[in-house]
There are 2 protein chains.
Amino acid sequence: MSEKNLQILLASRPKGEVTPANFRLVETAIPEIGPGEVLVRNHFLSLDPYMRGRMDDAKSYAASQPLDEVMIGGTAGEVIESRNPKFAVGDKVIGMFGWQLYGKTDGSAIRKVDATHVPLSAWLGAAGMPGITAWYGLNRIIAPKEGETVVVSAASGAVGSVVGQLAKRKGCRVVGVAGGAQKCAIVVDEYGFDACVDYKAGQIYADLRAATPDGIDGYFDNVGGETLDAVLRRMNAFGRIAICGLISGYDGQAMPLQNFRSVLVNRLRIEGFIVSEHMELWPDALRELVGLVGARELKYRETIAQGLESAPEAFIGLLKGRNVGKQLVRLV
Amino acid sequence: MSEKNLQILLASRPKGEVTPANFRLVETAIPEIGPGEVLVRNHFLSLDPYMRGRMDDAKSYAASQPLDEVMIGGTAGEVIESRNPKFAVGDKVIGMFGWQLYGKTDGSAIRKVDATHVPLSAWLGAAGMPGITAWYGLNRIIAPKEGETVVVSAASGAVGSVVGQLAKRKGCRVVGVAGGAQKCAIVVDEYGFDACVDYKAGQIYADLRAATPDGIDGYFDNVGGETLDAVLRRMNAFGRIAICGLISGYDGQAMPLQNFRSVLVNRLRIEGFIVSEHMELWPDALRELVGLVGARELKYRETIAQGLESAPEAFIGLLKGRNVGKQLVRLV
C-alpha cells in the first residue's frame, strides 16, 4: 500500500487532440475517514470515450470536467477501512473515484459486487457500464427481430463486442466495423460476428454492402463520420439507429453527413442516448449481463495499462483505437 | 364538360431541376364505365412535394412513377355518372386520379366528402393529406408539451401552417421558418405563430437563435439542408425531430449536415415518416382537422393555378417555393 495518494488532474483543455500535457500527476495525502465513511483502494480505473467530451468546456451532455480537479472516471476496488456498518474491509466495490489510487465515501457512491464468478475488472466492462450501454441501445432503441441485420461500429470495443454478441443471441445477422485486420479477426473468430468490415481498408461502403446483402435494419453507432454515412446508404425501411458515441468527431473534426436523405426515404428512427440517464434499467440489464459473463457465454477482452501514471497515454491510445476491448488501468 | 379527357404524362425523368419538358399533355377519350363503376370529373388536382421523388427512378419510399403514364396525384371532384349504388351523381369525392380531368373507379379508390362546411379544395389541404401529415408528425413524433418550443420549416405551406397552428393550440411557443418577408408575415399575422425566420435573409442561425431563446424542443422538418443544420445547433436535451420532407435536396443537391453531433449531445430522437403508412390514424386526425377547419379555427391559404395545362409550371413553382399555402390546380 502506497503511503500517499496519487491523482491525475485535468491541467488544460485539449485544442484538438488530447496530449499528455493536458494532464498533471499530483501526490496528495490518503483521505482520512470519519464516522459512517469508507476508504477504498482502487484496483482498476476504467477509461471510456465519454471522458473526451468532458475535457472540453463546450456544451455537452455531461458537466464539463473542471480544471485542476481529479479526472472523473469509473473505478473498481476494495474497501480497506470502514466506519460504515454496510461495508467491511475486503469488500469489492465499484465507484466513480476517478483517476486516483484512493477514494473516500459515505457509502452512497459505491456498490458492492461479487467477484467470485465475474472478475472485478469485468464489472467495469461487459458486466458494467459498457455492457449496459450495449444492452440499452440494442434492446431499447434497435430492438432487433430474429433474422434482421444489425451493424455495430467500434465492434471490438467494450461496448461494440457486447452489442454484437447480444444481437447474435437474438438470431440476427451481425456485422461489425472495426479498424484493422487484427480487430476484425477477433470480432469474427472470438465474438462470433458473421462478418467484420475493416474501415481502414479504405472502401467502407463497398465492403459494407458486400457484408450486408439484405441491407441493414439496426445500427449501433459508436463512431459517427463516414461509417455512419456509409451505413445510412444501406439502411432498410423502418431501420433504427442508436447513437451511442461519435468518436470520430471528438477532437472537433467536421463530420459532415451526406446521406441523411435516407432518414426520410427509409423512414428511419435515430436516437441518441446516454446510459446513465436510464438507471431504472440497470438491474434488468446487469442481471442478464452478469449471468452471461459468469457462464462464459459473453466474451470480452481487456487492454490493461499498468500504473496510474500510464493513464494519459492509455486514454490517448483509446481515442486512437489502439486498445482491443475494454481499456483499463491497473492501479495495484 | 369537355368532350375529351386531358392527361399529363411523365415524358422523361428530370436531370436535376424539373422542367416543363419532363411532362407531356395528351388528349384521350373520356373513360366509359361498366357495371359497379363510377365516373368522376376532377375539380382540383393537388400538387405536393412528394411527387418530385416519384419522378426519379432512384430508390425512394414510393414506387417510381412510370414513364409515359399519367402523373400520380390526389384529386377532388364530383361524380358525374354512376353504376355503383354507393355513389350518386353529384357526390363530392376525393381520389388519386392524378393529373387528368376524369377518373373511373369501381368505388374503392374514392371517398365521399361533405363540402357543406369544409370546401372541396380543403379536403386536399388542411382537411386532407397535408393536414394529416402535420397532425401525425406533431402528435406522434414530436408530441410537444405545453410551454415547449416547436419549430417548423416551410411554415407557410400546406403542412407547415397546420403544424404551427396545432402546436399553438397545445400551448407551445411556435416559430416558423419560411422564405421571404411576405410568407413570414402570413405565418405570424394569419397563422398566429410567435415568430418566423426568413431563411432568405441569409443569417438563419442567428435569427433562429434570437427567435428561440429557450432552445428548441421539437422540429417538424420539411426542407432539410441548412435549416435542419441550424436547428440541430439549437435543440434542447431530449428534443424530437420529425423528418417529413427534404425539399432542399429533391433535385439531387448535396445536403451535408455539420451538426449531427447534437443527436448524441442532446439525446435527440429523429424520425422520418410518410403519412400514407399510418392510415389507421386518419379517422382520428380527420375528425379533429375537419372540425377545426369547419369552425374556422384552423386557417389555410391556397395558391390555385387554372387549367390542367398549368400543372407543370405550378409544380415547378411549388418546388421553388413560389406558392403560398396549398398548391392546387383547378380543373373546371
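**Group meeting: a sheet across two chains**

Start with the sheet. It is open, has twelve strands and mixed pairing, and its order is β10(A)-β9(A)-β8(A)-β11(A)-β12(A)-β13(A)-β13(B)-β12(B)-β11(B)-β8(B)-β9(B)-β10(B). Keep in mind that this is a predicted model. What stands at the edges? β10 (195–198) of chain A and β10 (195–198) of chain B do. Each has a single partner strand, so one side of each is left without a neighbour in the sheet. From one strand to the next, the twist averages 15°.

Now the join between the chains. β13(A), residues 269–272, and β13(B) run antiparallel, and three bridges join them. One pair to find on screen: R269(A) has E271(B) as its bridge partner.

How many residues of chain B are in contact with chain A? The count is 27, and they touch 27 residues of chain A. On the chain B side, two elements give two or more residues each: α7 (262–265) and β13 (269–272). β13(B) gives the most, with four residues. By class, that side of chain B has 15 nonpolar, seven polar and five charged residues.

Next, the outer end of the sheet in chain B. Strand β9(B), residues 173–178, pairs with β10(B) in the parallel sense, over four bridges. There, G176(B) stands opposite C196(B).

Over to chain A, for helices on the sheet. Helix α5(A), residues 204–211, lies across β9(A) and β10(A). The helix runs at about 175° to β10(A). Helix α6(A), residues 225–234, packs on the sheet too. α6(A) touches β8, β9, β11 and β12 of chain A, and its direction makes about 165° with that of β11(A).

Back to chain B, and a helix pair. Two packed helices are described by the angle between their axes and the distance between the axes. Here the pair is α2(B), residues 129–142, and α3(B), residues 160–169. The angle is about 50°, and the axes are 8 Å apart. That angle makes α2(B) oblique to α3(B). The crossing is right-handed.

Which residues make the contact? From α2(B) come P130(B), G131(B), A134(B), W135(B), G137(B) and L138(B). From α3(B) come V162(B), V163(B), L166(B) and A167(B). In this contact, eight residues are nonpolar, two are polar and none is charged.

Stay with α3(B). Is this helix mostly covered or mostly open? Mostly covered: eight of its ten residues are buried. The buried ones are G160(B), S161(B), V162(B), V163(B), G164(B), Q165(B), L166(B) and A167(B). They pack against α2, β8, β9 and β11 of chain B. Just after the helix, G171(B) takes a positive phi of about 85°.

That brings us to backbone angles. Most residues other than glycine have a negative phi, and most peptide bonds are trans. Which residues depart from that habit in chain B? A143(B) is one of them, with a positive phi near 45°. A143(B) sits in the loop between α2 and β8 of chain B. A143(B) is partly exposed, because it has 13 other C-beta atoms within 10 Å. F238(B) is another: its phi is positive, about 65°, and it is not a glycine. F238(B) lies in strand β12(B), residues 235–243. F238(B) also counts as partly exposed, with 13 C-beta neighbours inside 10 Å.

Now some strands earlier in chain B. Strand β3(B), residues 38–46, and strand β4(B), residues 75–82, pair in the antiparallel sense over seven bridges. V38(B) stands opposite S82(B). β4(B) also runs antiparallel to strand β5(B), residues 92–95, with four bridges joining the two. In that pairing, E78(B) has K92(B) as its bridge partner.

Last, one residue and one distance. A206(B) is in helix α5(B), residues 204–211. Is A206(B) buried or exposed? With 12 C-beta neighbours inside 10 Å, A206(B) counts as exposed. How far apart are A206(B) and E280(B)? They are 74 residues apart in sequence and 40 Å apart in space, C-alpha to C-alpha.

To close, go back to the join. β13(A) and β13(B) meet antiparallel over three bridges, and β13 of each chain is part of the twelve-stranded sheet.

Terms used
Residues numbered from 1 in each chain as written. Chains lettered and ligands numbered in written order. Predicted model: local features only at pLDDT ≥ 70, side-chain atom pairs only at ≥ 80, totals over all residues. Contact = placed C-beta atoms within 7 Å. Nonpolar A, V, L, I, M, F, W, Y, C, P; charged D, E, K, R; others polar. Pairing = 2+ DSSP bridges. Axes fitted to C-alpha atoms, helices over the stretch in contact; angles between N-to-C directions. Parallel < 35°, antiparallel > 145°, perpendicular 65-115°, else oblique. Left-handed = near helix turned anticlockwise from the far one by under 90°. Buried ≥ 20, exposed ≤ 12 C-beta atoms within 10 Å, placed from the backbone.
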